[in-house]
Structures are given as C-alpha cells and as structure tokens.
Amino acid sequence: MPELPEVETVRRGLLPAMEGRRIIRAQVNRPDLRWPFPPRMADRLTGARVLTLRRRSKYILADLSTDETLLIHLGMSGRMLISPPPPAGEGQGEGVARLEGVAPERETLGEWHHHHPAPEKHDHVILDMEDGTRITFNDARRFGAMDLMPTATADAHPLLAVLGPEPLGNAFDDAYLTARLKGRNTPIKSALLDQHLVAGLGNIYVCETLYRARIHPARKAARISAARAAALVPLIRDVLAEAITAGGSSLRDYRQADGELGYFQHSFQVYGREGQPCLTPGCTATIRRIVQSGRSSFFCPACQK
Ligand SMILES: [Zn+2]
C-alpha cells in the first residue's frame, strides 16, 4: 500500500505531464472504484486545465481551471501509468499545436490515440493530455478513489477535513506533537498512525521512525518525555524525506521501464526484518515483530525502550 513518500513520488512523476496542461479527453470505464465516481466525471474533466498538482496526506489533488479539484487516491493497488506522446516527426505534434486554446474535439484527436497501448482490464480512468501524453489510473483491487469537488471548499471534503497537519509542514512541530501526546493512553505506534494527529504517516514509516527514536512501539504515548516527543518531529521528517528522495531517484528508472509510477523498493532498517540482526552498531539483538491493532510492528527489543 503506498504511503506518503510513494504518493509524493507519483505526484512528482505526474507533474511534468499534468501541471499546466489541458485534459483533452477523459475516459471513465466503470461507475465506481471504492466509491461511485462523481456524476459526469468524464465530461467535467474534459477540457479542464490542471493549474496545480498538489498532495494532501496520501491524496493527490489536481486543481482545475474549471474551479473544481480532482482528488486521486491510490488505495491499496492503484497505479498511475504515463504513456508519452508520439515521437516528434510523425506529424501528430502539429495537431496538438492547433488545438491550443480551442475547445477539444474528440474526433480530431482520435488520430493519435492509437499511439498508446490498448487499455487493459483494470485501466479504469484514462486522461489524454493536450500534448498527447496519456495518463492511466489502473487499480486491480479497486480500493482507490477519484472525486471532484469545488476547489474553494476542497479542504472540507470528508476525506480531507479529518486530517491533522502534514508531517512535512510547518504546523507539525515539537510543541504540537508534545501537546497531542500528553495524556494520551494509547501506544505511541497507534498515536502516530492516527490521521487526526498527523496526516499521511503509515505503518512502515512509523516503524522506521520509532527505531531511530529508540522508542518501543508499545510504549504509552503519555509516558514519553517531552524531550523524546520533540525529538520525534525531525526524525519523522528525515524518514519521509529520505524515502521521497529515494523515490525521486528511482523515478527515471521505472518511467523508462514501463511508465509506472510510485512503487520502488526501499531498504528499511526494521520494517520487514523480523529475525534479522539489528543494524545499530554494537547491538547484538535481532529485530522482533509484534501485532498492534492488527498491524505488524517491527522493532529492536534492545535499542527501543
Ligand atoms: Zn538494536
């Protein structure tokens, strides 16, 4: 399941293809994913220009020239695929140039759609951009979602209104985190996974953060000293920023491979390493796994207290 860094990597991969560009054709191939698509979604997207492509938590948000915002959620298995425009010199680029600033005409554009591979079974939403790039949302398990809402009230969308501050944003600081952990009788692991407290942190990166902070995942949030709580903030930022950097450096590779964005292998220090030696220098313990609220926590019993 993609976490914040993977979603941010997908956003950065989509940026050059989407931001500032007009959607000249949208195809919606089924009525729903996790939830029904909004009414007339294809019509509402067709002709809209993407003004900004931003991220909130694990959601990608495209603010459109129609004063609507497209919300994209990758869910468990959602993938964004980019199929580049036809190579220059095939004469099709001129057709694109002619369309600049005029109403889209699907018939005119059919000419170069066959450049792209034929849609596959789980290609649920297809966006053809004005330069001939095709963006495909593929989701085999259909836990993903797309929605449209007025840009002016996007923050009030039910999926967004419940979110706490961004872990990489200024509102998430040591004063905030210390105050929110105080008196909280849940394990620190659960507290950090609480999207009301901080948005977009998932299981993998919470495990990694707690390892670096040397805090046991089952420790009660309220029993973490203010100093240790404050120290969590830069560690969370570091863990996420490193993963985003790793994603960015892998971006070119997987775009070259098959146009798919967002999935890449990180090397984790504790996550998925049950039974393997702790990587802290001088530590001879092995990484353990416990289940908390139905999710695996990986930690070093010697380093994390
Ligand atoms: Zn250790």
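## The annotated C-terminal stretch

UniProt, in an unreviewed entry, places the feature "domain: FPG-type" at residues 269-305. In this predicted model, residues 269-305 are 0% helix and 27% strand. The C-alpha atoms at the two ends of that stretch lie 17 Å apart.

## The chain as a whole

Stepping back, the chain has 305 residues, and 37% of them count as buried. Its secondary structure comes to 9 helices and 11 strands. If we take contacts between residues at least 6 apart in sequence, 69% join residues at least 24 apart.

## Helix α8

Helix α8 is a good place to pause. It spans residues 203-213, and 9 of its 11 residues are buried, so the helix is largely enclosed by the rest of the structure. The buried set includes Ile-204, Tyr-205, Val-206 and Cys-207, and Glu-208 and Tyr-211 belong to it as well. After α8 comes Arg-214, with a positive phi near 60°.

## Phe-268 and its contacts

Which residues does Phe-268 touch, leaving out those up to four places away in sequence? They are Ile-204, Glu-208 and Arg-273. Two of these names will be familiar: Ile-204 and Glu-208 are among the buried residues of α8. Arg-273, in turn, falls in the stretch 269-305 that UniProt annotates as "domain: FPG-type".

Phe-268 itself sits in the loop between β9 (260-261) and β10 (288-292). Phe-268 and Glu-208 are 60 residues apart in sequence, yet their C-alpha atoms are 7.2 Å apart in space. Is Phe-268 buried or partly exposed? Because it has 18 C-beta neighbours inside 10 Å, Phe-268 counts as partly exposed; a buried residue would need 20 or more.

Technical notes:
Residues numbered from 1 in each chain as written. Predicted model: local features only at pLDDT ≥ 70, side-chain atom pairs only at ≥ 80, totals over all residues. Helix = DSSP H or I, 4+ residues; strand = E, 2+ residues; numbered from the N terminus. Buried ≥ 20, exposed ≤ 12 C-beta atoms within 10 Å, placed from the backbone. Contact = placed C-beta atoms within 7 Å. UniProt positions renumbered as here; feature names shortened; annotations may be inferred.
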